[in-house]
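Got the viewer open and a selection tool ready? Let's take a walk through this one, stop by stop.

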Amino acid sequence: MSNDGPIQDIGEKHLVVPGTTFRKITEAVSRVTENPAPRGWWIMFLAAVSFTGVLGLAIGYLFFRGVGVWGNNSPVGWAWDITNFVWWVGIGHAGTLISAVLFLFRQKWRTSINRFAEAMTIFAVICALLFPGIHVGRVWHAYYMFPIPNSMSIWPNFKSPLLWDVFAVGTYFTVSTLFWFVGLIPDLATLRDRSVNSVRRMVYGFLSLGWRSSNRHWQNYERAYMILAALSTPLVLSVHSVVSFDFATSVEPGWHTTIFPPYFVAGAIFSGFAMVMTLMLVARVVFKMNDLVTMTHIELMNKIILATGTIVGYAYAMEFFIAWYSGNEYERYVFLNRAFGPYAWAYWTMISCNVISPQLYWFKRLRTNIPLSFVISIFVNIGMWFERFVIIVTSLHRDFIPSSWGYFHPTPTDIAIYMGSLGLFFTLFLLFIRWVPMIAMAELKSVLPEASAHHHAHEDHDHHHAQPAKAE
Amino acid sequence: MADVHNIPLTRVGPEGASPALVLAEYDTPAACMHAAEKVRDAGYTHFDVHTPFPVHGMDKAMGLKDSRLGWIVATMAVLGFSTAVGLITWANVISYPFVVGGKPPFSIPSYAPVCFELTVLFSAFGAVFGMLGLNKLPRHNHPIFESDRFRAVTDDKFFVSVECADPKYDETLTRTLLESTKPNHIEIVEDNEP
């Protein structure tokens, strides 16, 4: 957290609007959890809860009738459910990237956005974990996924990437939750100390574990935080790599390729940043966080979206090249079929959303335009969903023998479960921004110029007036 | 030193309790760090600094040794890796060997993902619970919570606390030492607990 000189000394921009004090940060962030929720929150919450109800009904119906209520059928045995799984896991990756990778690179601007990006990770992974769980068909046997001694004396197959997935995503969820909670402890203590009624004092007091901001504690705390960041960085790269092994280790044209791990990771970061952007812009407007989440943040995020979007575009092109270069006629056919076959509409939706739309961010005017950032973030979310759909469904729908060709049609249950998972995600997210400090207060305070022990209050005060904040 | 006696002093805590610690409040990290240096140089060992966020350089100002957390995490990493190797070997080589896809039961490449994940998982548990263990948290009943002014520590105030259990502690001398660091306020926190 506090690891080097004041921001202006090393020529960086202000991370928050100049003149922001410790007290202002505490007030701006804490009041969201203390004041009655704005009407916008209630409208979104009721909508999200309704969709969560749809999810419950659809899953109940699925359990009652079996996976036949989905559109999956030979040859397309994996369809919406695994698309949704990969999409949700991918979205989660941006949270870890912001909280861990940018931390290790000392990108201090992350402090305004890391908390809700981490929350987003956890909720996205919850939505992701739902899908393999309900996809097993006989859900009462879902525990077969875990290496638990059982009466049949059989064990899971540790050579299967599907089992690696259980370990990778399970570890990812656990470590992300721990990382998030560790970051929350000082801020929960802030809410505890500000609380005016005993219920809040009890709940936040219990959760903050008796934190007393002791420097002897901060020392171990900062070390723990750094170690968790260092652990999460290879972890996040491993998770989507392992997810891509589900495909890459199979001998299936369109899946069996070595580019998958880096390509999946780049796509995951891309989609996750887009989701962070969507949520951030909404939270910024609804809760008036403009002083803490500034145009600088939006612009930097858009630059990352541009960079990862371009990497994803490169991967699409390279897949085509390798398909041609391999000389394998099945491999070539799968790719031509992707772009020009019955699913061409999905393929070109993907290309438009993921490759073309972020290219607008080469222009500074466009990447600092808030309505456009919101629209493109939605496009990227849609495009990345289609990427997974295209990879999964187009590779499967025309098997080696033309008699095994088919076309996947989603059923209402498929659609209801997907929409419901969005409802679950937003329900959790809205509860989070209502009851938990959505910006990491202690971390944000530590990057103010005033946080340095070598800071001279009056000089800097004048300096602020001489140079008012600009976006850049 | 003319204004030393102008610094207000209050006593807080339950009736009839004995002093547990002395608490001095500051407005800036710099003032707090200078105070920590003075207390350290005066030879105190049972003292602490409380800041809303970690202040760079404070460990040195307090004379703290490096955190031992890394050793806990390293131990847990080894344990996690060994657990994974043991689990896979027991499950797929000894207890239930089963040939899938023509691969031998003992196949090192297929060990990699699960070994990596369990190493990370155990290390993360080591980092979080090791940190809480070293900090002796959770602890909800510390005497310092008797002070109402101390609630600002999670907002924008900085504190130095000296425990009465410190061998160097003396009510007058410690108070004079803290007054010389020009705090806003000094409190003697009393509590029934040791």
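Start by selecting A:Arg338 and A:Glu319, whose side chains meet in a salt bridge at 3.7 Å, N to O. A:Arg338 sits in helix 10 (residues 329-340) of chain A and A:Glu319 in helix 9, so this pair ties together parts that are 19 residues apart in sequence. Are these two buried or exposed? A:Arg338 counts as buried because its relative accessibility is 2%, under the 20% cut-off. A:Glu319 is buried as well, with a relative accessible area of 6%. Keep in mind as you go that this is a predicted model.

**More salt bridges**

Now pick out A:Arg23, B:Asp155 and B:Asp156: salt bridges with shared partners join them into one network. Over all chains, the structure holds 18 salt bridges.

Stay with helix 9 of chain A, which spans residues 295-326, and select A:Glu299 there. The side chain of A:Glu299 meets that of A:Lys364 in a salt bridge, 3.3 Å from N to O. This pair links distant parts of the chain, 65 residues apart, with A:Lys364 in helix 12 (residues 364-367) of chain A. The two ends sit differently in their surroundings: A:Lys364 is partly exposed, with a relative accessible area of 36%, while A:Glu299 is buried at 2%.

Next, select A:Arg110 and A:Glu443. Their side chains form a salt bridge too, at 2.8 Å, N to O. How many residues apart are they? The answer is 333: A:Arg110 is in the loop between helix 3 (80-104) and helix 4 of chain A, and A:Glu443 is in helix 15 (residues 441-446) of chain A. A:Arg110 is buried, with a relative accessible area of 2%, and A:Glu443 is buried with 3%.

**Out to the surface**

Time for a look at the outside of chain A. Select A:Tyr143, A:Tyr144, A:Phe146, A:Ile148, A:Met152 and A:Ile154, which form a nonpolar patch on the surface with about 510 Å² of accessible area together. Click on A:Tyr144 and you are in the loop between helix 4 (114-135) and helix 5 (161-194) of chain A. Its relative accessible area is 37%, so A:Tyr144 is partly exposed.

**A covered helix**

Now select residues 260-287 of chain A, which make up helix 8. This helix has 28 residues and reaches 39 Å from its first C-alpha to its last, close to the 40 Å expected at 1.5 Å a residue. Most of helix 8 is covered, with 25 of its 28 residues buried. Step just past the helix and you find A:Lys288, which takes a positive phi of about 55°.

Go back into helix 8 for A:Phe264. At 1% relative accessibility, A:Phe264 counts as buried. What is it in contact with? Leaving aside neighbours within four places in sequence, A:Phe264 contacts A:Val86, A:His240, A:Val243, A:Ser244, A:Phe247, A:Arg388 and A:Ile391. If you fancy trying the distance tool, go from A:Phe264 to A:Arg31: their C-alpha atoms are separated by 39 Å, and the residues are 233 apart along the chain.

**Where the chains meet**

Move on to helix 7 of chain A and select A:Asn215. A:Asn215 counts as buried at 2% relative accessibility. Not counting residues up to four places away in sequence, A:Asn215 touches B:Asp48, B:Val49, B:Met58, B:Asp59, B:Met62 and B:Leu64.

Also in helix 7 of chain A is A:Asn220, which counts as buried at 7% relative accessibility. With the same kind of sequence neighbours left out, A:Asn220 touches B:Ser67, B:Arg68, B:Leu69, B:Met131, B:Leu134 and B:Asn135.

For the last stop, select helix 3 of chain B, residues 69-95. This one has 27 residues and reaches 37 Å from first C-alpha to last, close to the expected 39 Å. Look for a bend of about 30° at B:Thr89. Which residues of this helix are buried? They are B:Leu69, B:Val73, B:Ala77, B:Gly80, B:Ala84, B:Ile88, B:Thr89, B:Ala91 and B:Asn92. In a helix, residues three or four places apart point the same way, because an α-helix has 3.6 residues a turn. The buried residues of helix 3 of chain B pack against helix 7 (215-248) of chain A together with helix 4 (108-134) of chain B.

Methods: Residues are numbered from 1 along each chain as its sequence is written. Chains are lettered from A and ligands numbered from 1 in the order in which they are written. This is a predicted model: local features need pLDDT of at least 70, side-chain atom pairs count only at pLDDT 80 or more; totals for chains, interfaces and linings use all residues. Side-chain values use heavy atoms; hydrogens and water are left out. Helices (H or I, at least four residues) and strands (E, at least two) are DSSP runs, numbered from the N terminus. The expected span of a helix is 1.5 Å times one less than its number of residues. The bend at a residue is the angle between axes fitted to the seven residues ending there and the seven starting there. Buried means under 20% relative accessible area, exposed over 50%, partly exposed in between (1.4 Å probe, protein chains only). Contact means heavy atoms within 4.5 Å. Patches are made of residues with over 30% relative accessible area and no salt bridge: like charges are joined within 9 Å, nonpolar side chains (Val, Leu, Ile, Met, Phe, Trp, Tyr) within 5 Å. Accessible areas come from the Shrake-Rupley method with a 1.4 Å probe; for residues, only the protein chains shown count as cover. A salt bridge is a side-chain nitrogen of Lys or Arg within 4 Å of a carboxyl oxygen of Asp or Glu.
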